[in-house]
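Good morning, everyone, and thank you for making room for me today. Please have the sequence and the structure open while I talk, since I would like us to go through a few places together.

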Amino acid sequence: MTDYRRLRVALLGAGAVGSQVADLLRTHADELSDRAGAALELVGIAVRNPDAPRDADLPRELFTTDSEQLIVGADIVIELMGGIEPARTDILLALSSGADVVTANKALLATHGPEIFDAADQVGASVYYEAAAAGAIPIIRPLRDSLAGDRVQRIMGIVNGTTNYILDRMDTGGTEFADVLADAQRLGYAEADPTADVEGFDAAQKAAILASLAFHTAVPLEAVHREGITAIDRQTMEAARHAGYVIKLLAVCERITDAEANSPTGEAISVRVYPALIPREHPLASVHGANNAVFVQAEAAGNLMFYGAGAGGVQTASAVLGDVVSAARRHIAGGVGVGESTRANLPVVPIGRVTTRYQITLEVSDEPGVLATVAGILSEGRVSIATIEQTIEPAAEAKSLLPAAQGVAGIARLVIGTHTAREQDLSDTVDRLAASGVVDRVVSVLRVEGN
Ligand code: NDP
Ligand code: HSE
């Protein structure tokens, strides 16, 4: 057996991911040591409750509540507690104590990334975070290393497993939102507070991380436009299917030209998370269950697609262990760690200045002149109609659906597809439609992505 240098590995957290990391570190110790060129010794696991049952069979003597004592003296610290504190303080302590850090904590990196990367730079250490975006899928290294010589134009990703699982089940099984969410929690995909998933916070954190890497710009979480999926109901799902689309929660990070941007070349970026319609034939439409996929368009490389498990304990542990091997190799090789590249410093434009296509669904009274009025309001608002489809609810059904329909011939449902429009123009126009007197209800306004 090779006589490797021994590296002390401290693990913070033994939940869904941490317990699997500890198990794999122990089970595959020899193999991992050969790959790392160092003997990786798990010296302890900090948790809140050392006696809590774990998903893996781990020796009780490894567990402690004293994270500080564990961190000081470690060569590699793996943070898998999640949340901001004590994760932030523990990571800063690890770096200042000379350890390299591996974390899957997107919430922390999206909010305190610059502080943590600066701290690592100051001591010449490295922070590895492959698992912080899209779980098991290798996407951080491709953006940071493999595509470092290219210019990324656009990233369109399904980066939250919980919401993809929910939307997929609603699409394929006609299931209700609340029932599917309970299943996602049971399967361990959802965050401790599932609001982080369904309201798009988790995806926004990952979008900030991906955009920062792709565009060499520190993207603050506050600059990411975020909408969740709680307003998507079965009817909207069915309408999307009927129109040849599927609804996915997308993280879109895009390089744009914006005349109002505070940049010498007019170059800027947009980072946004929202449920969007994508054509059923688009590669992202076939991403099912809790899987994630990230579609990258780069100037020279063209289109690239990264696909796989975006959540789950053992799957995510794979990405964490890849980072542990990298950290061990760097630790053995010595020298300073590779810092984050943020020199491009591009401005992030607000959502109002972004352009995309939309599908607007309206309920209107089936009366003469209504369609002309709607078309006029869209035209005044600089929103160009690409397609329009009208279905009529017979009067009897209409009256039971909508009290306002008493005395009219019926309700018409208008589904309007637009050409590319500016978000601010579109939202002003929808406000005018709602106030026009001819629109009974704005049923939904969804962006259309992935032409
Ligand atoms: P869990 O909630 O399952 O586990 C958290 C662990 O951290 C528990 O063992 C808990 O201890 C411990 N912990 C929490 N707070 C403290 C504290 N103050 N002091 C000491 N220990 C503490 O989290 P996950 O394993 O699901 O997630 C870990 C990280 O990985 C998060 O950043 C998450 O966002 C990220 N991630 C998770 C994925 C997933 O599919 N689950 C996928 C990709 C990333 P105890 O058990 O005693 O309560
Ligand atoms: N809750 C997250 C998800 C876990 O559903 O994708 C992975 O980050």
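Let me begin with Lys-106, which counts as buried because its relative accessible area is 13%, and the cut-off for buried is under 20%. Before I go further, please keep in mind that this is a predicted model.

Lys-106 belongs to helix 5, and UniProt, in an unreviewed entry, gives this residue the feature "binding site". Which residues does Lys-106 touch, once its neighbours within four places in sequence are set aside? They are Ala-132, Glu-191, Asp-202, Gln-205, Lys-206 and Ile-209.

Now let us look at helix 5 as a whole, which runs over residues 106–123. If a helix of 18 residues were straight, it would span 26 Å, but helix 5 covers only 22 Å between its end C-alpha atoms. Where does helix 5 bend? The bend is at His-112 and amounts to about 85°, and within four residues there follows a proline, Pro-114.

At the start of this helix, a side-chain oxygen of Asn-105 comes to within 3.4 Å of the backbone nitrogen of Ala-107. After the other end comes Gly-124, with a positive phi near 75°.

Lys-106 is joined by other buried residues in helix 5, among them Leu-108, Leu-109, Gly-113, Ile-116 and Phe-117. As a reminder, an α-helix has 3.6 residues a turn, so residues three or four places apart point the same way. The cover over the buried residues of helix 5 includes helix 4 (87–96), strand 5 (100–103), strand 6 (127–128) and helix 10 (201–215).

From here I would like to turn to ligand 2, because Lys-106 is one of the residues around it, and so are Glu-191, Asp-202 and Lys-206, to name some of the others. Three polar contacts can be described in some detail. An oxygen atom of ligand 2 is 2.6 Å from an N or O atom in the side chain of Thr-162, while a nitrogen atom of the ligand is 2.8 Å from an N or O atom in the side chain of Asp-197. In addition, a polar side-chain atom of Lys-206 is found 2.7 Å from an oxygen atom of ligand 2.

Glu-191 deserves a moment of its own, since UniProt, again in an unreviewed entry, lists this residue under "binding site" as well. Glu-191 sits in the loop between helix 8 (177–186) and helix 9 (195–198). Is Glu-191 buried, partly exposed or exposed? With a relative accessible area of 29%, Glu-191 is partly exposed, and its contacts beyond four places in sequence are Lys-106, Ala-196, Asp-197 and Asp-202.

The other ligand, ligand 1, has 23 residues around it, of which Ala-14, Val-17, Asn-49, Arg-54 and Gly-312 come nearest. Oxygen atoms of ligand 1 lie 2.8 Å from a backbone N or O atom of Ala-14, 2.9 Å from one of Val-17, and 2.7 Å from a polar backbone atom of Gly-312.

Finally, consider Gly-337, in the loop between helix 12 (313–333) and strand 13 (355–365). Gly-337 counts as buried, because its relative accessibility is 15%. Leaving aside neighbours within four places in sequence, Gly-337 is in contact with Gly-124, Ala-125, Ser-126 and Arg-330, and Gly-124 brings us back to the residue that follows helix 5.

Methods: Residues are numbered from 1 along each chain as its sequence is written. Chains are lettered from A and ligands numbered from 1 in the order in which they are written. This is a predicted model: local features need pLDDT of at least 70, side-chain atom pairs count only at pLDDT 80 or more; totals for chains, interfaces and linings use all residues. Side-chain values use heavy atoms; hydrogens and water are left out. Helices (H or I, at least four residues) and strands (E, at least two) are DSSP runs, numbered from the N terminus. The expected span of a helix is 1.5 Å times one less than its number of residues. The bend at a residue is the angle between axes fitted to the seven residues ending there and the seven starting there. Buried means under 20% relative accessible area, exposed over 50%, partly exposed in between (1.4 Å probe, protein chains only). Contact means heavy atoms within 4.5 Å. A polar contact is a pair of N or O atoms within 3.5 Å; within protein, one must be able to donate a hydrogen and the other to accept it, and residues adjacent in sequence count only if both atoms are side-chain atoms. UniProt positions are given in the numbering used here, feature names are shortened, and annotations may be inferred rather than shown by experiment. A residue is near a molecule or strand if one of its heavy atoms lies within 4 Å of it.
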